[in-house]
Amino acid sequence: MKFSRKTFSVSKFQQSIWDSGIIFTALLTMCSQVMAGKQELQSVIQGNGHFTKQLYNVLAQKPGNVFFSPISAHAVLSMAYQGADGTTRAAFGKTLGVSDHLEAAVGYQDVMKHLNNVSDVQLLMANKVYIMEGCALNPTFKEVTEKNFFSEVQSLNFSQSEASAKTINQWVEDKTQEKIKDLITPDLLNSATRLVLVNAIYFKGTWASKFNKELTQKEKFYLNDNDTIEVQMMNAKGKYFYKEDETLDAKVLELPYSNSDVSLLVILPNKRNGIANLEKKLAETDLTKITENMFKPEVVVKLPKFKIETTIDLKKPLEKIGLGEIFTNKANFSGMLESPEQLFVSEVIQKAFIEVNEEGTEAAAATAAIRTRRSINTPNTFFVDRPYVYALIHQIQGESFKSVLFYGKIVKPLSFEVHDEVHDEL
């Protein structure tokens, strides 16, 4: 997010998921016009679930596939929440689903600790604050971003836009193992820029049971009741957490990575043309509890391989879900800087890349669950041959609720698809 004088912009959120792994980077830049407990942790996770549904409902109004990282957007906006006051603070609280900004800060301290200590997969969340040379952060804002969001602070001369952009982009590349490059372009920085806050979440994981490449074959995928395309369909058979949800009129399957605290959740409507009805039902569902009451039978799974890259302008969607004030002169970010300059948001952009294939990102222990004993009973079937919703989720050890790291829907799985989306019409 970028804060300049009379300008606050989230320049770019970038993300990459490859081989069933994920990389995401969120950028928040500010320009001049700105304690962890279980209850706070649960509040943040439930708030992120609330935020996920709201943002998805707007993004899904456009036809086609949807993919974004709600928690990275939620984290960056939660940092901005710490420097807001008045009606701007109230707007953050309502939209983020966390009514108190200090509760959000305390909750994220715990979220950061848990996400950065997951074994057997690579999962990292990091924050960074860049401030204009000669400017000073409000001491309270500085303390909360460093203590609760684990953020470092670095001074830059944003009027030297090329050098500043290079510095920011290098940090992003380092945090994402060089998978995200050129996050910010020099034209987004100038002498009015005051703050740049960056959030990066990176995931790279191996399936607990990889799909056998030799079993992948071309099969039909129904776009609706009548129209089909051919896709590369992966095949597996094993014991997975599964349920048939009558309320959603859908089947739910959880595919774990090598650490089962992280998994890919697939929600498949029972009808070929049931995606719209499923979306309506999910809008009324607590996403953090969607895996409750699942059991672990033997399941025959068919899941399409796919790869998608998206660039989404989030300004209009955020306005639609209640954060319109932060983009206007009415915005109050008086708690961010020591100086009385006024700040507001100009843009929010997210870039995402995802690839799902047979192996995950590594091959460790990938074949164990595939080699299951044949059941004498007819196994459950989970054939993903129609549009579906999916989420990458993380369960904090010792807790029953799960946080949504990435979320989206596939209406047309392709070997590669690129979207540049601007939501001005929403």
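**Aromatic pairs.** I began with the rings of this predicted model and counted 13 aromatic pairs. I looked first at Y242 and F295, whose ring centres are 6.0 Å apart and whose planes stand at 80°, so I entered the pair as edge-to-face. Y242 belongs to strand 10 while F295 sits in the loop between helix 7 and strand 13, so this contact ties together parts that are 53 residues apart in sequence. The two partners differ in burial, for Y242 is buried with a relative accessible area of 1%, whereas F295 is partly exposed at 43%. I then noted that Y242 also pairs with F382, again edge-to-face, at 6.4 Å centre to centre and with 85° between the planes. Here the link runs from strand 10 to strand 16, with Y242 and F382 140 residues apart, and I found both Y242 and F382 buried. Elsewhere I recorded a cluster joined by ring pairs, made up of F67, F306, Y388, Y390 and F406.

**The four-stranded sheet.** Since F382 had taken me to strand 16, I looked up the sheet that holds this strand, and it is an open one of four strands in the order 8-9-13-16, with mixed pairing. Strand 8 (217-222) and strand 16 (380-383) are its edges, each pairing on one side only. Ignoring direction, I read an average turn of 35° between neighbouring strands of the sheet. Strand 8 and strand 9 (residues 228-239) run antiparallel and are joined by six bridges; among the residues involved, Y222 has T228 of strand 9 as its bridge partner.

**Salt bridges.** I went on to the charged side chains, where the structure holds nine salt bridges, and I looked at three of them in detail.

- E219 and K302 meet with 2.8 Å from N to O. This pair links distant parts of the chain, E219 being in strand 8 and K302 in strand 13 (residues 298-304), 83 residues apart. I noted that E219 and K302 are both buried.
- D249 and K271 have their closest N and O atoms 3.0 Å apart. D249 lies in the loop between strand 10 (241-245) and strand 11 (250-256), and K271 in the loop between strand 12 (262-269) and helix 7 (275-282), 22 residues away. D249 is partly exposed at 24% relative accessible area, and K271 is likewise partly exposed, at 47%.
- E146 and K142 form a bridge with 2.9 Å between the closest N and O atoms. They are four residues apart in helix 5 (residues 139-147), which means that about one helical turn separates E146 from K142. I put this beside the general rule that an α-helix has 3.6 residues a turn, so residues three or four places apart point the same way. E146 is partly exposed at 32%, and K142 is partly exposed at 33%.

**Helix 8.** Which residues of helix 8 (residues 315-323) are buried? I found P317, L318, I321 and L323. Viewed down the axis of helix 8, these buried residues fall within an arc of 115°, so I noted that they line one face of the helix.

**N65.** My last entry concerns N65, which I located in the loop between helix 1 (38-59) and strand 4 (66-68). With a relative accessible area of 3%, N65 is under the 20% cut-off and therefore counts as buried. The side chain of N65 reaches the backbone nitrogen of V411 at 2.7 Å, and a polar atom of that side chain of N65 also lies 3.1 Å from the backbone nitrogen of K412.

Methods
Residues are numbered from 1 along each chain as its sequence is written. This is a predicted model: local features need pLDDT of at least 70, side-chain atom pairs count only at pLDDT 80 or more; totals for chains, interfaces and linings use all residues. Side-chain values use heavy atoms; hydrogens and water are left out. Helices (H or I, at least four residues) and strands (E, at least two) are DSSP runs, numbered from the N terminus. Buried means under 20% relative accessible area, exposed over 50%, partly exposed in between (1.4 Å probe, protein chains only). A polar contact is a pair of N or O atoms within 3.5 Å; within protein, one must be able to donate a hydrogen and the other to accept it, and residues adjacent in sequence count only if both atoms are side-chain atoms. Two strands pair if DSSP finds at least two bridges between them. Axes are lines fitted to C-alpha atoms, for helices over the stretch in contact, and angles run from 0 to 180 degrees between N-to-C directions. The arc is that of the directions from the helix axis to the C-beta atoms. A salt bridge is a side-chain nitrogen of Lys or Arg within 4 Å of a carboxyl oxygen of Asp or Glu. Rings of Phe, Tyr and Trp (its six-membered ring) pair if their centres lie within 6.5 Å; planes under 30 degrees apart count as stacked, over 60 as edge-to-face and the rest as tilted.
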